[in-house]
Amino acid sequence: MKMKKLLLIPALAATASVAGASIPINGFIESKCVIQSDTAGMFGNPTVDKLSTKSADGGVMPIVRYDIVTASKYKAVITTPTDFSNSPTLSDSVDWTSTTVAGQMSDSEMSVFNTDKVIYNNGHTTEFDLVKAGSVWFNVTSEAEYGYGKAFPSGNYTALIVAECIAK
Amino acid sequence: MRFILLFLLLAGGYANAHQFTPTYPKLEMSHMVGVFKAEMVLFNTREDIRYYGLSVFDKDWKSVRFAAESKVVPMDYQERKYITIYISSKEVDKAKYICSKSKILLTVKEPSIVSSRICSKLK
């Protein structure tokens, strides 16, 4: 019986050494930019001649989330609508105004996105230099005014926001 | 910071996302003489998107001729696809950006739609 116990010790030791072996888990963080359509917007119709995504106007503000894994590798370019992609026939011009701002952010230092943003294309395109890594939610407001106080015809209206991530 | 972000990405997942990597693809010789290739990965977790368009641009954002199995890539929800972009040696010096852009079907009638485009840069 004693002999059997002695024989068992090296076997147990061998098992223990196997159980204690460390298995490495390797990871690699790849530089990338991910665009997420967080909240689909909705036009409110506060007056007959106006469609707006502002909550004060009864709309829902579209929100686009960017996940930036490595800082300073990309710039975000967000272009707001200047036309409807789908609407009833419109016989008069539509005047579009919009704003794009970095709202919620995973790092307070990302507020630099707003201070350094560049706006062009008559205010419809906003460019943000993504110099900080993390997640940032861009809030987009868009307003369309029809003719001179003219009522928008009834029907479905669809507009397109283009969210881009361009490698630097 | 990176670990927090990685955790958020893994834990939260991508509910509605478009991803196109690598950020800086490298052009290498393909099996065809005079044709270079770049290997890209497209990942779709946008439930509302079923097609992505591919394009190649020069530094001034003018189109550059390229070939791929298909220039419009059908993608299922949560599908990952490996894409090879072929560029001839005549165009290779001009090519600067490889982009993928979500394609929105005419049947989509949501009031506000986000079209996403991600461009990688050839260095």
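Let's start in the middle of chain A, where β3(A) and strand β9 (residues 134–146) of chain A run antiparallel and are joined by six bridges. One of the pairs here puts Ile63(A) across from Asn139(A), its bridge partner in β9(A). Keep in mind as you look around that this is a predicted model.

Stay with β3(A) for a moment. This strand covers residues 63–68 of chain A, and five of its six residues are buried. It also has a partnership with β1(A), again antiparallel and again over six bridges. There you can find Cys33(A) standing opposite Ile68(A) of β3(A).

Now turn to the side chains. The largest nonpolar core has 44 residues, and within it Ile35(A) and Tyr66(A) touch the most other members. If you centre your view on Tyr66(A) and set aside residues up to four places away in sequence, you will see that it touches Cys33(A), Ile35(A), Ala76(A), Leu130(A), Val136(A), Phe138(A) and Cys165(A). There is also a second, separate core, made of nine residues, with Leu51(A), Phe84(A), Phe152(A) and Tyr157(A) among them.

It helps to step back and take in chain A as a whole. It has two helices and ten strands, and from the N terminus on the elements follow the order α-β-β-β-β-β-β-α-β-β-β-β. Of the 168 residues in chain A, 33% are buried. Among its contacts with a separation of 6 or more, 73% are between residues 24 or more positions apart.

A loop residue makes a nice stop on the tour. Pro81(A) sits in the loop between β4 (74–79) and β5 (84–86) of chain A. Is Pro81(A) buried or exposed? It counts as buried because 22 other C-beta atoms lie within 10 Å, where the cut-off for a buried residue is 20 or more. Leaving out neighbours within four places in sequence, the contacts of Pro81(A) are Trp96(A), Ser142(A), Ala159(A), Leu160(A) and Ile161(A). You can also check the spacing to Thr141(A): this residue is 60 residues from Pro81(A) along the chain, and their C-alpha atoms are separated by 10.0 Å.

Chain B is next. Its 123 residues include 30% that are buried. The chain has one helix and eight strands, and reading along the sequence gives the pattern α-β-β-β-β-β-β-β-β. Of the contacts in chain B between residues at least 6 apart in sequence, 62% join residues at least 24 apart.

Finally, let's see where the two chains meet. Here 30 residues of chain B are in contact with 36 residues of chain A. On the chain B side, α1 (2–12), β1 (17–21) and β8 (112–121) each supply at least two of the residues that touch chain A. The largest share comes from β8(B), with ten residues. By character, this side of chain B divides into 15 nonpolar, nine polar and six charged residues.

The meeting of the chains also involves strand pairing. Strand β1 (residues 33–39) of chain A pairs with β1(B) in the antiparallel sense, over three bridges. To find the spot, look for Val34(A), which stands opposite Gln19(B) in β1(B). That brings us back to a familiar strand, since β1(A) is also paired with β3(A).

How values were computed: Residues numbered from 1 in each chain as written. Chains lettered and ligands numbered in written order. Predicted model: local features only at pLDDT ≥ 70, side-chain atom pairs only at ≥ 80, totals over all residues. Core = buried A, V, L, I, M, F, W, Y, C linked by C-beta atoms within 7 Å. Buried ≥ 20, exposed ≤ 12 C-beta atoms within 10 Å, placed from the backbone. Contact = placed C-beta atoms within 7 Å. Helix = DSSP H or I, 4+ residues; strand = E, 2+ residues; numbered from the N terminus. Nonpolar A, V, L, I, M, F, W, Y, C, P; charged D, E, K, R; others polar. Pairing = 2+ DSSP bridges.
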